[in-house]
Amino acid sequence: MQNKNHQPAGTLPAIGLALGGGGARGYAHLGVLKALHQSNIPVAVIAGTSMGAVVGAAYAAGRPIEELVEMALEMHWRRLFSLADLTLPRQGVLAGNRLEEYFNTLTKGKTFDQLDVPLTIVATDIATGKPVHLNSGPVAPAVRASMAVPGIFCPVKVGQRLLVDGSIATPVPVAAPLEAGATVVLAVDVCSSVDHSDVLVQTWRWLKTVRTRRVPQGVGLSAAWRFFKPTLPQCVSIVSRSLELCAHYPATPALVALPGRYWRIRPAVDHVRWYEFHRAKECIDAGEAIGRQVAREITSVLEKGWSS
């Protein structure tokens, strides 16, 4: 880390949290927040994508960390299924309205300007593939957009844009806290190859090559594809577009290329699959363990005099 603009000992910089996506692994964010809270290290700004958006929004809305941990431990598949609202599979299997209602309760119906901590939620524009920073208006629809897994949840329309899961373009939203004024970013990275998204990407690439090949006997696959494509639900196109974007973006951002000081925090949750929400305690404990380590490092740096 480079030393610039030396600050006196004990002077705390504006610490920003970048909470990444990873499904159930995102429960580790709660452990990190718990450790920082217990070490009296304040968070000046939060940015979240996908599951990180859920945790960040709930915390920024003023939910005590102890309450959020308890809620996570009580979450089970029956509760998750109660949030599912099936729809005709045009853009997704689930409409996402019940999920938004849940997020509205979780964030106490607040708008961004009513939050206790400044928050930026990151989603992905499915048309351009670019990240979209949401930080105004009601919080719940923004969280829903950042959590809209393509093919499962319908995209969320904001203006003229269709928004989906933020982790497609930004697995860990490090740039957002810096743009919001943070001088130090704690980037909590819960990405993992255990979900094998690379296999899906390679499969989709293979399918695209197969459908353009000509078959000597019978109807060519490319002709069959042209026939069936108009009848396919729009969610197939959304999923295919998402896989193309996954192939374009790295699994984890190049943090070293970003200006400013940061800590990359990697809780030991690589082995947890995105859908294993019953392993909440394991993930929270992993986040708390590494959060305490980072808190000690921050305290040590403060004692010597912070430089940024």
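This passage describes the overall make-up of a predicted protein model and the packing of two pairs of its helices.

The protein chain contains 11 helices and 10 strands, and of its 308 residues 48% count as buried. Its accessible surface comes to about 15200 Å², and carbon and sulfur atoms account for 56% of that area. When contacts between residues at least 6 apart in sequence are considered, 77% of them join residues that are at least 24 apart.

Helix α1, which spans residues 28-38, is mostly covered, since 8 of its 11 residues are buried. These buried residues are Ala28, His29, Leu30, Gly31, Val32, Leu33, Ala35 and Leu36. They pack against several other elements, namely the strands β1 (15-19), β9 (184-188) and β10 (261-265) together with the helices α2 (51-60), α3 (65-74) and α11. After α1 comes asparagine 40, a residue whose phi is positive, with a value near 60°.

The packing of α1 against helix α11 (residues 280-304) can be described in further detail, for the axes of the two helices lie 6 Å apart and form an angle of about 40°. Because angles under 35 degrees count as roughly parallel and those from 65 to 115 as roughly perpendicular, α1 is classed as oblique to α11. The crossing in which α1 passes α11 is right-handed. On the α1 side, the contact involves Ala28, Leu30, Gly31, Val32, Lys34, Ala35 and Gln38, and these meet Cys283, Ile284, Gly287, Glu288, Ile290, Gly291 and Arg292 of α11. Sorted by class, the residues of this contact comprise 7 nonpolar, 4 polar and 3 charged.

A second helix pair is formed by α5 (residues 97-106) and α6 (residues 139-146), whose axes come within 8 Å of each other and cross at roughly 130°. Since only angles over 145 degrees count as roughly antiparallel, α5 and α6 are likewise described as oblique to each other. Here too the crossing is right-handed, as α5 passes α6. The residues of α5 that take part in the contact are Asn97, Glu100, Phe103 and Asn104, while α6 contributes Ala140, Pro141, Val143 and Arg144. By class, this contact of α5 with α6 is made up of 4 nonpolar, 2 polar and 2 charged residues. The spacing of contact residues along a helix may be read with its geometry in mind: an α-helix has 3.6 residues a turn, so residues three or four places apart point the same way.

Key
Residues numbered from 1 in each chain as written. Predicted model: local features only at pLDDT ≥ 70, side-chain atom pairs only at ≥ 80, totals over all residues. Heavy atoms only, no water. Axes fitted to C-alpha atoms, helices over the stretch in contact; angles between N-to-C directions. Helix = DSSP H or I, 4+ residues; strand = E, 2+ residues; numbered from the N terminus. Left-handed = near helix turned anticlockwise from the far one by under 90°. Contact = heavy atoms within 4.5 Å. Buried < 20%, exposed > 50% of the residue type's maximum accessible area, 1.4 Å probe, protein only. Areas by Shrake-Rupley, 256 points an atom, 1.4 Å probe, with all protein chains shown as cover.
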